[in-house]
Every structure is written in structure tokens, then in C-alpha cells.
Amino acid sequence: LFRIFLIGYFGFVTTKNVQKVSRAIMKENVTSIIDAEELESGLINQRGLTAYYFLSSDTVWLKTLEERKKEFDILFKLAQKSASTGKEKIVLQELTTLYKNYDEQRNRAIRLYQAGNIAEAKNILLNNMHAGAGKLYQKCEEYIAINMVLIDQAEESSRRNVFWMTILIWAMVMSTLSLGAFAGVFITRK
């Protein structure tokens, strides 16, 4: 009886630990997905603010853009903190490079616009920055996809571990019951 209780307790504790670890892994990856989605949103905001400035020449849009760039930097640092795999870190490094290039193109376009070279500024805005923004969005989507795969792997690993723990527990219970039955038959024969 004690052995059955011990097996049950062992199974319960092990299953709970497997579930706890799996939930932690999934939570971490969900956080990474949220970070990536916020980065995408931040990029959209920055892109719109630049366009508004070009349409209106109102420097209020540039001030707001600077605030959004600071917010984006904070979001990016959060994404870097939550990155736990090599793939995530590589994508974030690529995002850093792409964003720096995008920001340089944007600053160049703004300087040209302010200097009165509107045609070249709009060309940069419509061509270079548009292409750069597309690449940034693709990297954010790649980062999301990596984390979706990690969540799926964590769920599958959790299911597999629980399945094998259940089989082990039932095997131990059955062996204990068989030993008990054998011992009972052996004792009653004496």
C-alpha cells in the first residue's frame, strides 16, 4: 500500500514539474511574440510619422517620431531580454542592422526634405525606406515564427513527458498489484 502511495505521489509531483517547466517555456515564448508584434506596431507608427511630416512640414511630427524611436528602443531591449535561443538572437541582430539602415535612410530623407530637395527626399521615402520597412516587417514575422515553433515544441515535449510518466506510473502500479497478488497467493498457500 505504501508503495502504491509512493508511486502515485512520485507521478503527481513529476507531472506537475513537467507542466510547470512547459508553461514557463511557453510563457517566455509568448512574451517574445508580443514583443515582436509591438516592434512591428512601433515601426508602423514611425513610418506614418515620417510620412505626416513630409505631407505637412510640421515639426511636431518629428518630435513625436523621436519619442516613438525611444519607445521602440525600449521595446527592442525587452525583445533582446526575452530572446533565449540562438535563432532568436540572430534575428534580433539582423533586425538591429536593418533598423539602423532604415533610420539612416529616414534621417537622410528628412535632411534632404529640410534642405529643399523634396524630390530626392520623397524618392528615398518611397523606395529605400519602403523596401527597408518591408525587410524589417519580415524579420519581425520571422521572430514570431521562431517563437511559435518553440511553443509547439514545448507543448509536444510536455505531452510526450506526461504520456511516458503515465505509462511508467501505471507499469509501477500494475507491478505492485501483481506482486501483492502473488504475495497474497503465496501467503494463503502456506
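Visitor: Let's start with Tyr53 and Tyr113: are both of them buried or exposed?
Guide: A word first: you're looking at a predicted model. A residue has to come in under 20% relative accessible area to pass as buried. Tyr53 and Tyr113 both make that cut, and the word for the two of them is buried.

Visitor: What is the chain built from, helices or strands?
Guide: The count of strands is 0, and the count of helices is 4. Read from the N terminus, the order of elements is α-α-α-α. That leaves one answer for the secondary structure here: helices.

Visitor: What share of the chain's residues is buried?
Guide: The chain has 190 residues to sort. The ones that count are under 20% relative accessible area. Their share of the chain is 35%.

Visitor: And what share of the contacts with a separation of 6 or more joins residues 24 or more positions apart?
Guide: Start with contacts in the chain that have a separation of 6 or more. Then keep those whose residues sit 24 or more positions apart, and the share is 77%.

Visitor: How many aromatic pairs are there, and how is the pair of Tyr52 and Trp61 classed?
Guide: The count is 6 aromatic pairs. For Tyr52 and Trp61, the ring centres are 4.7 Å apart and the planes meet at 50°. An angle over 60 degrees would be edge-to-face and one under 30 would be stacked. Since 50° fits neither, the Tyr52 and Trp61 pair is tilted.

Visitor: Which class do the rings of Tyr53 and Tyr113 fall into, and what parts does that pair tie together?
Guide: Their ring centres lie 5.3 Å apart with planes at 65°, which makes the pair edge-to-face. Tyr53 lies in helix H1 (residues 2–56) and Tyr113 in helix H3, so the pair ties together parts that are 60 residues apart in sequence.

Visitor: Which residues do ring pairs link into a cluster?
Guide: You've already met two members, the buried Tyr53 and Tyr113. Ring pairs bring in one further name, and the cluster reads Tyr53, Tyr113 and Phe54.

Visitor: Which helices does the salt bridge of Asp103 and Lys69 link?
Guide: These side chains meet with N and O 3.0 Å apart. The two residues are 34 residues apart, in distant parts of the chain. Lys69 belongs to residues 60–82 and Asp103 to residues 86–114, so the bridge links helices H2 and H3.

Visitor: Are Asp103 and Lys69 buried or exposed?
Guide: The cut-off for buried is under 20%. Asp103 has a relative accessible area of 15%. Lys69 is at 14%, so this charged partner, like Asp103, is buried.

Visitor: Which residues make up the salt-bridge network that includes Asp103?
Guide: The whole structure holds 9 salt bridges. Asp103 and Lys69 are joined by one of them. Their network takes in two further residues, Glu66 and Arg106.

Visitor: About how many helical turns separate Glu156 and Arg160?
Guide: The two form a salt bridge, with their closest N and O atoms 3.5 Å apart. Glu156 is partly exposed at 36%, and Arg160 is partly exposed at 41%. They are 4 residues apart in helix H4, so the separation is about one helical turn.

Visitor: Which residues form a nonpolar patch on the surface?
Guide: Together the patch members have about 330 Å² of accessible area. One of them, Trp164, sits in helix H4 (residues 118–189). The full patch is Phe163, Trp164 and Ile167.

Key. Residues numbered from 1 in each chain as written. Predicted model: local features only at pLDDT ≥ 70, side-chain atom pairs only at ≥ 80, totals over all residues. Heavy atoms only, no water. Buried < 20%, exposed > 50% of the residue type's maximum accessible area, 1.4 Å probe, protein only. Contact = heavy atoms within 4.5 Å. Patch = residues over 30% accessible without salt bridge, like charges linked within 9 Å, V, L, I, M, F, W, Y side chains within 5 Å. Areas by Shrake-Rupley, 256 points an atom, 1.4 Å probe, with all protein chains shown as cover. Salt bridge = Lys/Arg side-chain N within 4 Å of Asp/Glu carboxyl O. Phe/Tyr/Trp six-rings, centres within 6.5 Å; stacked < 30°, edge-to-face > 60°.
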